[in-house]
Structure formats: C-alpha cells, structure tokens
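Me: I would like to learn how to read a model of this kind, beginning with the ligands and moving on to the sheets. Could you take me through the features one at a time?

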Amino acid sequence: MNEGTSIRKVDALIVGAGFGGIAALRTLHGELGLDAIVIEKGSGIGGTWFWNRYPGALSDTESFMYQLPFEHELYQRTEWNTRYVQAPDIRRYLEDAVDHFDLRSRFQLETEMRAATFDEASQTWLIHTDKGDFEARFLITALGLLSRMNVPNFPGLDQFQGRIVHTAAWPEDLDLAGQRIGVIGNGSTGVQFMTEAAKTAGHLTSFQRTPQYSVPARNRSWTPEELAAFKATCQDRWDEFSRVKLGFGINEENERKTFSVSEEEREAIYEWAWNKGGPYTFCNETFSDLTTDRAANEEAANFIRRKISSIVNDPETARKLTPWEMFARRPICDSGYFEIFNQPNVSLVSLRDTPITHFTENGLVTSDGQLHELDVLVLATGFDAQDGSYRGLDITGRDGRTLNEHWSEGPRSHMGITVNGFPNMFMVLGPCGPFVNLPPAIGVQAKWIGRAIASLVDIPAASIELTAESEEAWLQTCRNALQGSLYLETGSWLFGNNIPGKRQVTPSNFFVAGLDSFIATANTEADNDFPSYHVHVPSTA
Ligand code: FAD
Ligand code: NA7
C-alpha cells in the first residue's frame with residue numbers, strides 16, 4: 001500500500017468497466033444503494049469493445065441477445081438494427097447505458113488495480129492501484145475472461161522495423177490501405193479482421209497454424225417487424241435464459257440426431273443452416289450430437305470441407321484452408337473469409353508446412369527460406385483467457401494466502417464467482433463459470449452477487465466465504481459436465497492449451513452444462529441461504 005497517502009473508503013470496489021463492471025454497479029449501487037465505484041485501467045468504458053477496435057470486429061451473438069439483461073428501459077432505447085453488432089456500436093451502447101443510469105461519476109478510468117489484501121481484523125479489502133489506495137468491504141473483479149492478450153514469443157520479433165499490433169490493443173492511427181499486412185492467427189478475430197482488411201490491403205498474407213471451420217455469418221438488417229417483436233418480447237427472452245443451453249440467439253436447440261434422417265435430408269438441413277448463417281444455427285439447430293458423436297461430427301465437418309473446396313479456386317490454397325481436426329472449438333462465422341483467398345492481393349502461408357524461423361527488420365522468414373516482407377504485422381493470437389487476467393495481480397486472501405498460490409495447480413472457483421479463502425471477493429466471469437452467451441451469464445452473476453451481499457449488509461463487518469468442500473464439488477460438477485464431449489479432443493483457449501505451461505485443475509475452466517443449469521444452481525444456492533458458504537461474524541461486531 002502507498003504509505004502516507006489517503007485511502008478512499010467505499011462499500012464496494014468494482015474493477016473493470018465492461019459489461020460485467022457495469023452490471024455489477026447497476027446491482028450494487030442501483031438496487032442495493034451501496035457506495036460502489038468502478039475502476040478501469042483503460043481510458044474509456046466498454047471493456048472488450050473498448051480494446052478490440054480492429055477492422056471487422058463484430059459480435060457473433062445476435063444483437064437482441066447481446067445486451068445487458070433485465071434492463072427494460074435500456075433495451076427499449078437501443079437502436080441496433082442488424083443481426084450482429086459492430087464493436088463501435090457496442091462501445092457506444094455501454095457508454096450510453098452508463099449515462100442513462102446516471103452512473104458516470106462512479107467510474108474512475110485510467111486506474112489499474114495492482115494488488116488487494118483482505119484485512120481480517122476489519123474484514124475489508126485494501127486495494128492498491130496506480131492512482132492510490134481504496135478500502136472496500138466488497139471487492140468485485142470484473143476483469144474480463146478474454147482480456148489479457150496472448151503475445152507469442154517469435155524469434156527476433158524485436159528486429160522487425162514495421163508496425164506490430166495486437167487486435168486487442170488496436171491503435172486509432174493505423175491506416176491499412178495499400179499496406180503489406182501479415183496476420184498471425186485465424187480464430188474468430190483473425191477471420192473477422194482478414195475479411196475486412198483484404199478490401200483495402202496492398203497485400204495481405206495469412207500465416208496460418210491450424211485451419212478453422214467457419215460458417216457464414218449472414219449479417220443483415222432486421223426488418224421493422226423483427227425489431228418491434230424483439231422489443232415487445234424482451235422479458236420472454238430473459239425468462240428463456242432459464243430454459244436454454246447457450247442463449248446466443250433464437251436458436252431452437254434441436255434434439256434430432258444426425259443419423260436419424262436420410263443422407264439427402266441431412267445435406268438439406270446443413271445447407272439450410274449454411275444459408276441461414278450464424279455459428280450456433282449450424283451447431284445447435286441442425287443436430288444435437290455434433291459434439292458428442294464422432295461420426296456425426298465428421299459428417300458436419302465434411303459438409304464444411306466441401307464448401308471450402310467449392311469456394312476457394314486454387315486447390316492448394318483450399319487444401320491448406322481445410323481443417324482436418326474435429327469440428328469442436330468455439331464455433332466461428334465469417335462474412336466472406338474463404339472468398340478472400342481468391343483475390344490477387346491475399347495469400348496464405350501454412351505454418352504447418354513452413355513454420356516461422358525468425359523475424360528480420362523487413363518481415364518474417366519461414367522454414368523454406370522465404371522472406372515475407374511486411375509493413376504491418378497483426379497479431380490475432382488471442383488471449384490468456386480467464387485466470388490470465390488475474391495472474392499478474394497480487395491478491396492476498398485470508399491467512400496471507402495469495403490467489404496465485406491457491407490457483408497454483410490451476411484456477412478454482414464456485415460458479416466463476418467466488419473462491420475459497422477470499423471472503424467478500426466476487427468475480428464476474430471468473431474461471432469455471434458458464435460457457436454461454438456472456439451478457440446473460442454476467443447479468444445472472446451480478447444479481448447473484450447482489451443477493452449474497454444483501455444477505456450481509458445488516459450484519460456489521462460480516463464476511464461470506466466459499467467453503468473448500470463446495471469449491472471442490474463445483475470443480476467436479478464442471479468435470480462431469482464435460483464428460484463425453486468431443487471438445488476435449490481439440491486444443492484451444494477453452495482448455496487453456498493455447499498458452500504454453502498453463503495449468504488446469506479441470507480440463508476446461510468452463511461449466512458447460514448450460515445457462516439453464518447454471519441459473520438453477522445459482523438460484524438454489526441463494527434461495528437456500530448460501531449453503532456452500534460460511535458467514536464469518538467477528539466477535540466484536
Ligand atoms: P471485459 O469486457 O473484458 O472487461 C474487463 C475490463 O477490465 C477491461 O476493460 C479491462 O481493461 C479491465 N481490467 C482488467 N484488469 C484490470 C485491472 N487490473 N485494473 C483495472 N481494470 C482492469 N461474448 C459473447 O457472448 N458473444 C460475442 O459475440 C462475443 N464476441 C467477442 C468478440 C471479441 C473480439 C472478443 C475479444 C470477445 C467477445 N466475446 C463475446 C466475449 C466478451 O469478452 C464478453 O461478451 C464481454 O464483453 C465480457 O465483458 P466483461 O465486462 O466481463 O469483460
Ligand atoms: P483464438 O481463438 O485463441 O485464436 C488465436 C489464433 O492465433 C489461432 O489461429 C492460433 O492458432 C493463433 N496462434 C496463437 N499463437 C500462435 C503462434 N505462436 N503461432 C502461430 N499462430 C498462433 O483467439 P481469437 O481472438 O481469434 O478469439 C478468441 C475468442 O474471442 C473467440 O472464441 C470469441 O469468443 C471472441 P492455433 O489455432 O492455436 O494453431
């Protein structure tokens with residue numbers, strides 16, 4: 001802590017000004033009337049959508065579901081009229097939400113939390129930031145699960161004299177028109193970026209390690225009737241969260257099995273989903289066994305492989321773009337990605353065939369000895385997800401134990417919200433939370449945190465702490481939910497294996513049993529006075 005400087009006292013300190021921080025503030029200040037503030041290291045509000053300003057950045061949740069849930073007035077005034085939403089519109093929406101709810105004065109930007117220590121005598125958190133210290137009874141960390149960038153250590157990268165940018169730290173002043181652009185990474189972000197940047201690039205080269213399955217997004221304008229219907233039925237959507245698994249849009253979660261229909265029918269169903277567009281249409285509205293039955297998965301994968309070869313003119317490029325592993329990563333969609341490889345200004349280098357050996361001042365060299373000259377290198381290399389946002393912080397809980405110590409074998413939590421040994425600390429979208437459309441999860445977690453805190457406010461200096469047994473039980477629940485999933489057989493950020501050496505207590509740091517099951521668990525816990533928790537009331541209280 002900063003010796004000799006004044007400490008600002010608040011009831012609740014919320015860290016992070018994305019959907020999570022805003023939702024937590026709405027609950028704690030708006031509903032419970034607490035003196036709560038948000039600190040944010042960036043210079044603006046929006047979280048993911050403040051940082052990820054790369055050309056082409058778009059939600060892949062349908063717009064009427066990618067909003068702060070349970071906010072009727074805000075929902076009615078939101079003027080999104082396309083199926084998916086562009087990053088600047090989401091940023092403006094969150095800015096507007098803060099003003100609409102008259103919360104602007106409760107945000108302190110350009111303030112980075114560095115450390116936090118639980119003081120057992122006062123049962124409060126002392127939080128150290130680069131702009132001074134805070135004392136808060138409740139600490140809410142809404143740091144984001146895709147917020148810490150992954151910047152791989154390529155040999156000689158510092159030699160490169162061109163511009164290097166990560167998609168999650170996109171600068172305002174970069175004009176890509178006419179530039180020789182190299183892109184490393186072809187996940188959701190790389191695919192979105194390349195499709196957009198190829199429109200004006202002098203030359204764009206994709207340095208691809210693993211080809212991806214992608215289906216058309218088919219972004220389009222909503223009709224006035226559709227828009228009116230979304231507004232009229234928002235409460236139905238929110239009620240629906242308790243019944244659906246993912247909640248990314250109005251996707252009928254189909255119970256039909258892949259091989260329960262004839263080959264012709266199957267092809268027609270895939271074709272229908274391809275034409276309707278959207279990753280969750282393809283994965284959820286076609287057949288129910290895509291992620292559990294190997295043959296079913298192969299059938300869907302083959303359909304997309306055939307599409308790639310019919311879109312991409314050059315057979316060798318098509319070969320390189322064709323995925324061979326199972327179709328079992330977070331599904332992605334695009335707005336003409338495979339098509340860009342027919343353009344003369346776009347080329348593909350397979351890093352499987354020719355890995356990067358090193359960078360020079362002019363570009364990068366691959367193992368075939370070729371120098372690829374570049375003006376700009378774009379790292380679309382993703383994130384050190386979930387616990388990555390916490391690892392650089394010095395958070396010390398009860399008995400002087402740090403979060404990094406507690407998570408030495410991998411992150412642990414209950415519902416992605418609480419951690420044993422860290423009383424009165426609540427995470428939004430912490431590790432081991434639900435794998436779903438995230439705003440509903442955030443809304444549910446914020447409300448749950450509100451209920452937990454409300455149960456304590458009348459007991460001076462009391463704290464609530466997850467028991468060790470309940471933490472272990474939740475991890476087991478997460479493991480059980482994953483059993484039989486083909487997702488287990490592919491590597492990606494969902495399993496932490498995009499980051500060398502990352503440790504996991506469960507195969508994935510997600511609870512994959514669905515939004516319905518998550519909400520049921522959260523409600524049961526709160527309705528029954530938090531049986532997985534211990535409330536500590538100091539004897540002097
Ligand atoms: P974030 O929006 O990440 O906000 C966390 C904030 O905490 C950041 O502003 C960060 O600067 C701040 N912070 C972190 N550490 C500190 C610190 N120590 N001190 C101070 N401030 C700190 N999800 C979906 O459900 N659907 C989608 O379509 C979708 N599309 C996405 C597209 C992209 C390109 C990316 C990157 C993510 C996408 N996501 C999507 C996930 C997205 O992150 C969530 O939907 C949501 O925005 C998370 O909100 P959050 O507030 O929890 O975290
Ligand atoms: P992802 O999905 O983690 O994709 C990262 C991409 O970067 C992926 O293609 C990786 O290849 C590639 N990558 C990462 N490290 C390297 C190295 N060292 N060399 C070559 N290529 C590398 O991140 P995104 O930002 O696209 O998407 C994350 C989520 O944000 C997404 O699911 C949405 O929810 C929004 P790999 O596949 O590992 O071979």
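Me: By class, how many nonpolar, polar and charged residues does the shell around ligand 1 have?

Reply: Please keep in mind throughout that this is a predicted model. A residue belongs to such a shell if one of its heavy atoms lies within 4 Å of the molecule. In this case the shell around ligand 1 has 17 nonpolar, 12 polar and 4 charged residues. Of the 33 residues around ligand 1, those that come nearest are Glu 40, Thr 48, Asp 60, Thr 61 and Tyr 66.

Me: Which helices each supply at least two residues of the shell around ligand 1?

Reply: Helices α1 (19-31), α2 (48-51) and α15 (438-454) each supply at least two residues of that shell.

Me: Which atoms of the protein should I look at for polar contacts with ligand 1, and how much of the ligand's accessible area does the protein cover?

Reply: A polar contact is a pair of N or O atoms within 3.5 Å, and it is useful to keep backbone and side-chain atoms apart when reading a list of them. From the backbone, an N or O atom of Gly 20 lies 2.8 Å from an oxygen atom of ligand 1, and a polar backbone atom of Met 113 is 3.0 Å from a nitrogen atom of the ligand. From a side chain, a polar atom of Trp 51 lies 3.0 Å from an oxygen atom of ligand 1. On its own, ligand 1 has 980 Å² of accessible area, of which the protein covers 96%.

Me: How many residues surround ligand 2, and which are the closest?

Reply: Ligand 2 is surrounded by 19 residues, and the closest are Asn 186, Thr 189, Arg 209, Thr 210 and Arg 329. By class, this shell divides into 8 nonpolar, 8 polar and 3 charged residues. Among the polar contacts, an N or O atom in the side chain of Thr 189 is 2.7 Å from an oxygen atom of ligand 2, a polar side-chain atom of Arg 209 lies 2.8 Å from an oxygen atom of the ligand, and for an N or O atom in the side chain of Arg 330 the distance to a ligand oxygen is 3.1 Å. The protein covers 85% of the 780 Å² of accessible area that ligand 2 has on its own.

Me: How many salt bridges does a search of the whole structure find?

Reply: Side chains of opposite charge can pair when their charged atoms come close. The search of the whole structure finds 39 salt bridges. One of them joins Glu 31 to Lys 447, with the closest N and O atoms 2.5 Å apart. Because Glu 31 lies in helix α1 and Lys 447 in helix α15, this pair ties together parts that are 416 residues apart in sequence.

Me: Turning to the sheets, what is the strand order in the open sheet of 5 strands, and is the pairing parallel or antiparallel?

Reply: Reading a sheet begins with the order in which its strands lie side by side, which need not be their order along the chain. Here the order is β7-β16-β8-β9-β12, and the pairing is parallel. Strands β7 (163-166) and β12 (346-350) stand at the edges with a single partner strand each, so one side of each has no neighbour in the sheet. Neighbouring strands are turned by 20° against each other on average, direction ignored. As one example of the pairing, β9 (residues 203-208) and β12 are joined over 5 bridges in the parallel sense, and the bridge partner of Ser 206 is Leu 348 in β12.

Me: How are the strands arranged in the open sheet of 3 strands?

Reply: Their order is β13-β14-β15, with antiparallel pairing. The edge strands, β13 (356-359) and β15 (371-373), each pair on one side only, and the twist averages 25° from one strand to the next. Between β13 and β14 (residues 363-366) there are 3 bridges; Phe 359 stands opposite Leu 364 in β14, and His 358 has Val 365 as its bridge partner there.

Me: How many residues lie between the strands of each hairpin?

Reply: The hairpin of β13 and β14 has 3 residues between its strands, while that of β14 and β15 has 4, and Gly 369 in the latter turn has a positive phi of about 85°. Strands β14 and β15 pair over 3 bridges in the antiparallel sense, and Gly 363 has Glu 373 in β15 as its bridge partner.

Conventions. Residues are numbered from 1 along each chain as its sequence is written. Chains are lettered from A and ligands numbered from 1 in the order in which they are written. This is a predicted model: local features need pLDDT of at least 70, side-chain atom pairs count only at pLDDT 80 or more; totals for chains, interfaces and linings use all residues. Side-chain values use heavy atoms; hydrogens and water are left out. Two strands pair if DSSP finds at least two bridges between them. Axes are lines fitted to C-alpha atoms, for helices over the stretch in contact, and angles run from 0 to 180 degrees between N-to-C directions. A polar contact is a pair of N or O atoms within 3.5 Å; within protein, one must be able to donate a hydrogen and the other to accept it, and residues adjacent in sequence count only if both atoms are side-chain atoms. Accessible areas come from the Shrake-Rupley method with a 1.4 Å probe; for residues, only the protein chains shown count as cover. Ala, Val, Leu, Ile, Met, Phe, Trp, Tyr, Cys and Pro count as nonpolar, Asp, Glu, Lys and Arg as charged, and the others, Gly among them, as polar. A salt bridge is a side-chain nitrogen of Lys or Arg within 4 Å of a carboxyl oxygen of Asp or Glu.
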